[in-house]
Amino acid sequence: MMLVQSNLKQIMHAVLASVVFACWSAGAMSQSSSTITEARVIESEPVYQTVQITTPTQECWQEPVRVESSNYSSTPAILGAIIGGSVGNEFGSGRGKDVATVAGAVLGGSIGHDIEKNSQRGDGRTVYEQRCRTVSNVSTEERFQGYDVTYEYDGQLFKARTKNHPGQTIRVRVSVLPVE
């Protein structure tokens, strides 16, 4: 008898759980139901967004650069001082001869130095070095965003944005909810 009562309790629990689930499902379904139908499209406008695009570009050019020769020599100044000193030594006598020798050496050294500088002016050359800079090029572009669609359903106008052109009708989901 105990075994029958235990089985009966299990069966009653299973039936009760089924009834509760069925009632809950029916209540949930009666609260909300939806259907898919067609609505008439009134207007469909493509939507674009203007976007700025920045592209870095490197610009390079060859720039002339003057390079001077570094072949400077002291020989002309020394030689000029020796020659100037010798010439100065030929003039005067006594103490005047020493002054003329020193003056000739200084003047000859200066002349020799100037001759060396003048001869190097044409000794330089022009080379070309590459120079570069980065420049930002800005352009604009129109990017497609979708369609702004105005449609009519049940005498009322609605708006939506779609990815694709809807054509003459648009599919809509209609939900019905009870008023409490």
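**Salt bridges across a four-stranded antiparallel sheet**

Arg133 comes out as partly exposed, with a relative accessible area of 48%. That value, like everything else here, is computed from a predicted model. The partner of Arg133 is Glu59: their side chains meet in a salt bridge, at 3.2 Å from N to O. The pair links distant parts of the chain, since Glu59 belongs to strand β1 and Arg133 to strand β2, 74 residues apart. Glu59 is partly exposed as well, at a relative accessible area of 35%.

To place this pair, it helps to step back to the overall layout. The chain has three helices and four strands, and going along the sequence they follow the pattern α-β-α-α-β-β-β. The four strands make up an open sheet, ordered β3-β2-β1-β4 and paired in the antiparallel sense. At the edges sit β3 (156-162) and β4 (169-176), each of them pairing on one side only. On average, neighbouring strands of the sheet are turned by 30° against each other, leaving direction aside.

Strands β1 and β2, the two that carry Glu59 and Arg133, pair over 27 bridges. Strand β1 covers residues 33-67 and strand β2 covers residues 125-153. Along this pairing, Val65 stands opposite Val127 of β2.

Back to the charged side chains: the structure holds six salt bridges in total. One of them joins Asp148 and Arg161, whose side chains come to 2.8 Å, N to O. Here Asp148 lies in β2 and Arg161 in β3, so this salt bridge ties together parts 13 residues apart in sequence. Asp148 is partly exposed, with 35% relative accessible area. There is also a small network, in which salt bridges with shared partners join Glu63, Glu129 and Arg131. A further salt bridge brings together the side chains of Glu141 and Arg143, at 2.9 Å from N to O. Both ends of that pair are partly exposed: Glu141 has a relative accessible area of 35%, and Arg143 comes to 39%.

What about the chain as a whole? Of its 180 residues, 14% are buried. The accessible surface adds up to about 14400 Å², and carbon and sulfur atoms account for 56% of this area. Contacts tell a story about sequence distance too: among those between residues at least 6 apart in sequence, 80% join residues at least 24 apart. The Glu59–Arg133 salt bridge, with its partners 74 residues apart, is one link between distant parts of the chain.

Note on methods
Residues numbered from 1 in each chain as written. Predicted model: local features only at pLDDT ≥ 70, side-chain atom pairs only at ≥ 80, totals over all residues. Heavy atoms only, no water. Pairing = 2+ DSSP bridges. Axes fitted to C-alpha atoms, helices over the stretch in contact; angles between N-to-C directions. Buried < 20%, exposed > 50% of the residue type's maximum accessible area, 1.4 Å probe, protein only. Contact = heavy atoms within 4.5 Å. Areas by Shrake-Rupley, 256 points an atom, 1.4 Å probe, with all protein chains shown as cover.
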